[in-house]
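Here is a walk through the rings of one protein chain and the space beside them. Keep the model in view while reading.

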Amino acid sequence: MPFLTRHRLALCAVLLGLSALVAQRAGAQDFPVSIDHAFGTTVIPERPERVATVAWANHEVPLALGIVPVGFARANFGDDDGDGLLPWVAERLEALGAEAPMLFDEGDGIDFEAVAASAPDVILAAYSGLTQAEYDTLSKIAPVVAYRNGPWATDWREMIRLNAAGLGMDEEGAALIGEIEGEIAEVTARHPEIAGKSAMFVTHLDIRDLSVIRFYTDNDTRVKFLSDLGLVSPAAVAEVSASGRYNGEVSAERIDDFADVDIVVSYGGPALMERIRANPLTSRMAPVRTGSVVLLPNDPLGTAANPTPLSIPWVLEEYVALLADAARRAE
């Protein structure tokens, strides 16, 4: 069965199972709802009918729960056809029989005028980099659901929990998490070779300058997703993670700090692979010698390495297969 068909069927299975629960539970949660977050407490007085979202991927939660937002952020990365929608979002809108709503252009930051023009009853922003000033401005438009632990620190489970709470759909959100976790368990069980392998997610490497190795830590959502799939972080990454930081960097002259790395994941293509193989420092890394490097392109697959509620079922089979191939090379 072609990969595209497989991942569409997987996504449909997750969402169809959830839709039945949503139909049973709609209207069951009492309002007002209070949600604590980094900027205080938001009170949502009644069940919202018009839902807007800002920043990356928050719109996927209401969409997964059967609600089409009145507006959400235009995709600015991995959008192959330039319509402002990532493919899993376009497929979900089609499944719901809905057209794309107003798309907010956030290339220069939140478009407050466009958000206000969508006349929302609630604004979901659990996964975002909101500042206090941005939160205050949005709060003048509608109640805002913000992050709890810090900018861009909300993993996909917490994104679902917080945004679902803002919709008055706690139980449906929990069910969605369970559906996705079940699919992750099913797919990874077919690839036991990745379990326990160490992996580091290197940020975008500069093909012109490999003197510094920059990487995401255990506090970043990309690395958390690798953990979901059964991989572990090497010692050097875990050490930086303990400080609470979301990224770190090491001079390539200290490349031996990563001697315990089995798999490297990063963004790039064949030209970058040739460059790191030719570089006298990066070529010393075991994954470079063995070919246990997963380079993600600037397309939906690369985008989905930062996991979101709708992208996980869409990309899971292909991403795990790439990691499994790298794990076999590492042996």
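A charge sits over a ring if NZ of Lys or CZ of Arg is within 6 Å of the ring centre and within 35 degrees of the ring normal. The model here is predicted. In it, arginine 222 places its charged end over the ring of tyrosine 216, 4.2 Å from the ring centre.

Now turn to ring against ring. The structure holds 8 aromatic pairs. One of them joins tyrosine 127 and tryptophan 152. Their centres are 5.1 Å apart, with 80° between the planes. Planes over 60 degrees apart count as edge-to-face, so this pair is edge-to-face.

What does the pair tie together? Tyrosine 127 lies in the loop between β6 (122-124) and α5 (132-139), and tryptophan 152 in the loop between β7 (144-145) and α6 (156-166), so the contact links parts 25 residues apart in sequence.

Are the two partners buried or exposed? Tyrosine 127 is buried, at 6% relative accessible area. Tryptophan 152 is partly exposed, at 40%. Elsewhere, Phe39, Tyr135 and Tyr147 form one aromatic cluster.

The pocket comes next. The largest one encloses about 640 Å³ of space. Its lining counts 34 residues. Tyr127 and Trp152 are among those nearest its centre, along with Ala55, Trp56 and Asn76. Thus the edge-to-face partners also belong to the pocket lining.

Which elements supply at least two residues each to this lining? β4 (71-73), α8 (221-228) and α12 (300-304) do. By class, the lining has 17 nonpolar, 11 polar and 6 charged residues.

Technical notes:
Residues numbered from 1 in each chain as written. Predicted model: local features only at pLDDT ≥ 70, side-chain atom pairs only at ≥ 80, totals over all residues. Heavy atoms only, no water. Phe/Tyr/Trp six-rings, centres within 6.5 Å; stacked < 30°, edge-to-face > 60°. Helix = DSSP H or I, 4+ residues; strand = E, 2+ residues; numbered from the N terminus. Buried < 20%, exposed > 50% of the residue type's maximum accessible area, 1.4 Å probe, protein only. 1 Å grid on protein atoms, 1.4 Å probe; cavity = no way out; pocket = protein on both sides within 12 Å on 5 of 7 lines; lining within 4 Å. Points joined across faces, edges and corners; volume = space filled by probe spheres on them. Nonpolar A, V, L, I, M, F, W, Y, C, P; charged D, E, K, R; others polar.
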